Amino acid sequence: MRLRSSEIIGFVLFIILLGVYVYTRHIIGLSPVIDGISPEIAMPGDILEISGKHFGDTDGDLRHPFNSAVYIGHRRMVLSDYISWNDTKIHIMIPSDIDSGFVVVETEKGMSNRVLFTDRRDIPVIIDRKVNKES
């Protein structure tokens, strides 16, 4: 079985395009990845630590990199919520108006995976009542 020159050219072109794609993905960088959050259940005012990779580093006095953000549920954190940010850890003061939802890190490289955060106020409290039985 002999290959035609057009098939060989097509295969070589495919390999070149695949190489360009892999190279540009390497140059562009990787999307952020969340390995975990701590604590997973917290109250407003608590410090939330997000651990992972490819978050990016801050420049100068910025609390987070330009064009980057953390979302909890549908709420985007504002500048005053951030305590620290580096390529592998982000610390946030949980705001008072937060709800349970997924934590996502967004950078110029894309969106991270989602990790569930639960506002302790959303967890129902069971009250144990003693029933006084008189016979």
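Strand 8 and strand 9 form a hairpin, with two residues between them, and this hairpin is a convenient place to enter the structure, which is a predicted model. The two strands of the hairpin run antiparallel and are joined by two bridges, strand 9 being made of residues 110-111. Across this pairing, Glu 106 stands opposite Met 111 in strand 9.

Strand 8 has further partners, and following them leads into the rest of the sheet. With strand 4 it pairs in the antiparallel sense over four bridges, and here Glu 106 of strand 8 appears again, as the bridge partner of Ala 69. With strand 10, strand 8 also pairs in the antiparallel sense, over three bridges, and in this pairing Phe 102 has Leu 116 in strand 10 as its bridge partner. Five of the seven residues of strand 8 are buried, so the strand is largely enclosed by the rest of the structure.

What lies in the interior can be described next. In soluble globular proteins, nonpolar side chains tend to be buried together. In this model the largest nonpolar core has 21 residues, and Ile 50, Val 70, Ile 90, Val 103 and Phe 117 are those with the most contacts inside it. Several strands, including strand 1 (33-38), strand 3 (47-53), strand 8 (101-107) and strand 10 (115-119), each supply at least two residues of this core, while strand 4 gives the most, with four residues. Val 70 shows how such a residue is surrounded: leaving aside its neighbours within four places in sequence, it is in contact with residues among which are Ile 50, Tyr 82, Trp 85, Ile 90 and Val 103, and also with Arg 75 and Arg 76.

Arg 75 leads from the core to the charged side chains. Side chains of opposite charge can pair when their charged atoms come close. The count of salt bridges in the model comes to five, and Arg 75, Asp 81 and Asp 97 are linked in a network of them. The closest N and O atoms are 3.2 Å apart between Asp 81 and Arg 75, and 3.0 Å apart between Asp 97 and Arg 75. The pair of Asp 97 and Arg 75 links distant parts of the chain, since Asp 97 is in the loop between strand 7 and strand 8, whereas Arg 75 is in strand 5, 22 residues apart. Asp 81 counts as buried because its relative accessibility is 7%, whereas Asp 97, at 48%, is partly exposed. Elsewhere, the side chains of Arg 121 and Asp 119 meet in a salt bridge, at 2.6 Å from N to O; Asp 119 is buried, with a relative accessible area of 1%, and Arg 121 is partly exposed, with 43%.

Strand 1 and strand 3 offer another pair of residues to follow. Asp 35 lies in strand 1 and counts as exposed, at 54% relative accessibility, whereas Ser 51, which has its place in strand 3, counts as buried at 18%. Not counting residues up to four places away in sequence, Asp 35 touches Ser 51, Gly 52 and Lys 53. Asp 35 and Lys 53 are 18 residues apart in sequence, and their C-alpha atoms are 7.8 Å apart in space.

Finally, the surface can also carry nonpolar side chains, as the following patch shows. Ten residues, among them Ile 8, Phe 11, Tyr 21 and Val 22, form a nonpolar patch with about 960 Å² of accessible area together. Val 22 is found in helix 1, which covers residues 5-28, and is partly exposed, with a relative accessible area of 49%.

Methods: Residues are numbered from 1 along each chain as its sequence is written. This is a predicted model: local features need pLDDT of at least 70, side-chain atom pairs count only at pLDDT 80 or more; totals for chains, interfaces and linings use all residues. Side-chain values use heavy atoms; hydrogens and water are left out. Patches are made of residues with over 30% relative accessible area and no salt bridge: like charges are joined within 9 Å, nonpolar side chains (Val, Leu, Ile, Met, Phe, Trp, Tyr) within 5 Å. Accessible areas come from the Shrake-Rupley method with a 1.4 Å probe; for residues, only the protein chains shown count as cover. A salt bridge is a side-chain nitrogen of Lys or Arg within 4 Å of a carboxyl oxygen of Asp or Glu. Buried means under 20% relative accessible area, exposed over 50%, partly exposed in between (1.4 Å probe, protein chains only). A nonpolar core is a set of buried Ala, Val, Leu, Ile, Met, Phe, Trp, Tyr and Cys residues joined through side-chain atoms within 4.5 Å. Contact means heavy atoms within 4.5 Å. Two strands pair if DSSP finds at least two bridges between them.
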